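Student: Could you give me a close look at the enclosed spaces in this model and what's packed around them? Take your time and walk me through it.

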Amino acid sequence: MTKLPPGKMPIGCKWVYKIKLKADGSIERYKARLVAKGFTQTEGVDYYETFSPVVKFVTVRTLLAVAAVYGWHLSQLDVNNAFLHGELNEEVYMVPPPGFGSKGEVCKLTKSLYGLKQASRQWFAKLSSALLDHGFIQSKSDYSVFTKVSKGSILILLVYVDDILIASNNVEAVNTFKVFLDAKFKLKDLGTLKYFLGLEVARTEKGISLCQRKFVLELLSDTGLLASKPANVPMDQSTKFRSSMGEAAPDPSLYRRIIGKLLYLTLTRPDICYSVHRLSQFMSSPQIPHLQAVYKILKYLKKTPGQGLFLSASSELKLKAYCDADWAACPDTRRSVSGFCVFLGDSLISWKCKKQQVMSRSSAESEYRAIATVTSELVWLLALLRTFGLDHNHPTSLYCDSKAALYIAANPVFHERTKHIEVDCHYIRSKIQDGVIKTFHVPTRHQIADFFTKAFGYKQFYFLLSKMNLINIYGSS
C-alpha cells in the first residue's frame, strides 16, 4: 500500500463504489470524506477504451454447420478468474476493503479486477496476444475468431469473454493447445461441446441440434404460464400494433424483462423473430394489448419448448439467401420492414428482421433495399467461410419475389424512380457483375423471408416453417 500521489483520486474503480455504498449509501458523501482527508479529484478518467469484442452468434452457427459436415471435433474451455489476468495500462488506485491497511493508504493496481470498466478489454488483449504469439491468425471478419493451420490440421477458436469454443480436425492438436493455454491461464476443461452461452448442443451422425429448452421452461415458469394452453401461432395475423392502442401496462418493467429474454431466445428460434422484434418497438411505453401479445408468444413457446435449429451433416456447403420487404408496414412511421434468411446448404445460419431506416416511395424500392441488406450479409459470410478454410467459388443464389427490384439490380441505367436511392444500395450491381451473387425470382408463396416481415395464419405459417429445417428433439417421433 502507498499514499495516493497529489492530484489522484481512487474513484475510477466500480468495485470501490460498491464497497462504500454498502457502508453509507451515498457516493457524494464518500467523495466529501476523501476531500476532507486531503484527496483531490483529477480531471478526466482513468480509462479510455472499454470495448471488448465477443464472437457473433452468426459466426457460432456457421462454424457448427461447417463442423457438422466435416465431422470436426468440438470442445469447450472456460478460463478461471479471466479478468484477473489482464494487465492495466493506466494508473489506477483502489481503496482497500474494510479491515485491510490503515487510513489514508491505497492500493496501486497492476492487474485488472472484476468491476473495472476496462477489465474485459485488458483480458481480451492478454488472451489475443498469447494466441498470436502461438501462431494463431486473428480473423478480419470477426475479431473473436482465431485460426491456426499446420500440416493438414486446422484449429479454430471462438472467444466469448472467458468461454472458448474449439473446432478442429485433429484431436491431438486440440490436446496440445489445451496444455499450452493451461500453462498461460488456469483453465476448466468442459470437454465435448454440449452447452455454450445458453445454447444446448446435441450431436449425432446426422448433424447438430441447437435449442434453448431449459431457457424456455424457466421463462414460462417465471411468468406463471407453464401450465397455460398452448397457442398455434406466435402472433395473430389480423392484429395491427401501434404505439398507442389502449391503456398502459400496469408493470412496464415486466414487459421489458420478457422482451429482453425473448430477444435472446431468437438465437435459435427464427419462428418468433418477427413477433418479438415487432413488439420490442414498444418497450418505452407498453400498452395492455402489447403485453397480451407477448403472452401469446409465450403460449406458442409452450407448445414446442425444445424446438431449435438443425445443422445437417449431409448439407452441401453452398450459400443461398432469401430476402423480402413489407412496404410501409409500420403504421406509426410508414417505414417498410426488411427480412432475410441465409442457408448454408440445408442449415439456416443467419436471419434478420428490421425496420428500414428511411421511408420508401414504392414497394420496389423497399424490396431493393432489402436486397442491399442481405448482399452485405452474404459478402461478410463469404469472408468468414474463407477464414474457416472453405472457398465458395460459385455465385451465391439470392431469391427475391419482386421482379421490379430484380430488374433495378440488374439494369445499369438509373431510372427516374431510382435517382433518390442512396449510392450504397447500388453496389448490388457490382456484386452481380463480379459473380458474387446471382439473383432469382421466387413466387411469393414460397418466399421464406416473408416469414420475417409479417404475421401469418396457421397454414402458411407452418408451411414456411417447414422450409427452415427446425426440429424438436424432445418431441415424439
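Tutor: Let's pin down the term: a cavity here is a set of grid points where a 1.4 Å probe fits but cannot get out, and its lining residues have an atom within 4 Å of a point. Keep in mind that this is a predicted model.

With that in hand, the structure holds 2 cavities of 30 Å³ or more. Take the second largest cavity, with about 30 Å³ of space. Around that space sit Tyr274, Arg278, Gln281, Ala329, Cys330, Val337 and Lys355. By class, that lining comes out as 4 nonpolar, 1 polar and 2 charged residues.

Now for the largest cavity, which has about 80 Å³ of space. Its lining includes Tyr274 and Ser275, along with Val233, Pro234, Met235 and Asp271. Further along the chain, Phe451, Lys454, Ala455, Phe456 and Phe461 also line the largest cavity. The split for this lining is 8 nonpolar, 1 polar and 2 charged. Notice that Tyr274 turns up in the lining of the largest cavity and also in that of the second largest.

What else is packed in this part of the model? Helix α8 spans 273–279, and α13 spans 458–465; both are among the elements that cover the buried residues of α9. That cover also includes α6 (213–222), α7 (252–265) and β13 (307–312).

So have a look at α9 itself. The buried set there is His290, Leu291, Ala293, Val294, Ile297, Leu298, Tyr300 and Leu301. These residues take up an arc of only 170° around the axis, so they're on the same side of α9. The spacing fits a general rule: an α-helix has 3.6 residues a turn, so residues three or four places apart point the same way. The length of α9 checks out too: at 1.5 Å a residue, its 16 residues (288–303) should span 22 Å, and the end C-alpha atoms are 23 Å apart, which agrees.

One more stop, by way of β13. Leaving aside neighbours within four places in sequence, Ser347 is in contact with Phe310, Leu311 and Ser312, and also with Ala65, Ser315 and Val342. Ser347 lies in strand β16, residues 347–355. Ser347 counts as buried because its relative accessible area is 1%, and the cut-off for buried is under 20%.

Methods:
Residues numbered from 1 in each chain as written. Predicted model: local features only at pLDDT ≥ 70, side-chain atom pairs only at ≥ 80, totals over all residues. Heavy atoms only, no water. Helix = DSSP H or I, 4+ residues; strand = E, 2+ residues; numbered from the N terminus. Expected span 1.5 Å × (residues − 1). Buried < 20%, exposed > 50% of the residue type's maximum accessible area, 1.4 Å probe, protein only. Arc of directions from axis to C-beta. Contact = heavy atoms within 4.5 Å. 1 Å grid on protein atoms, 1.4 Å probe; cavity = no way out; pocket = protein on both sides within 12 Å on 5 of 7 lines; lining within 4 Å. Points joined across faces, edges and corners; volume = space filled by probe spheres on them. Nonpolar A, V, L, I, M, F, W, Y, C, P; charged D, E, K, R; others polar.
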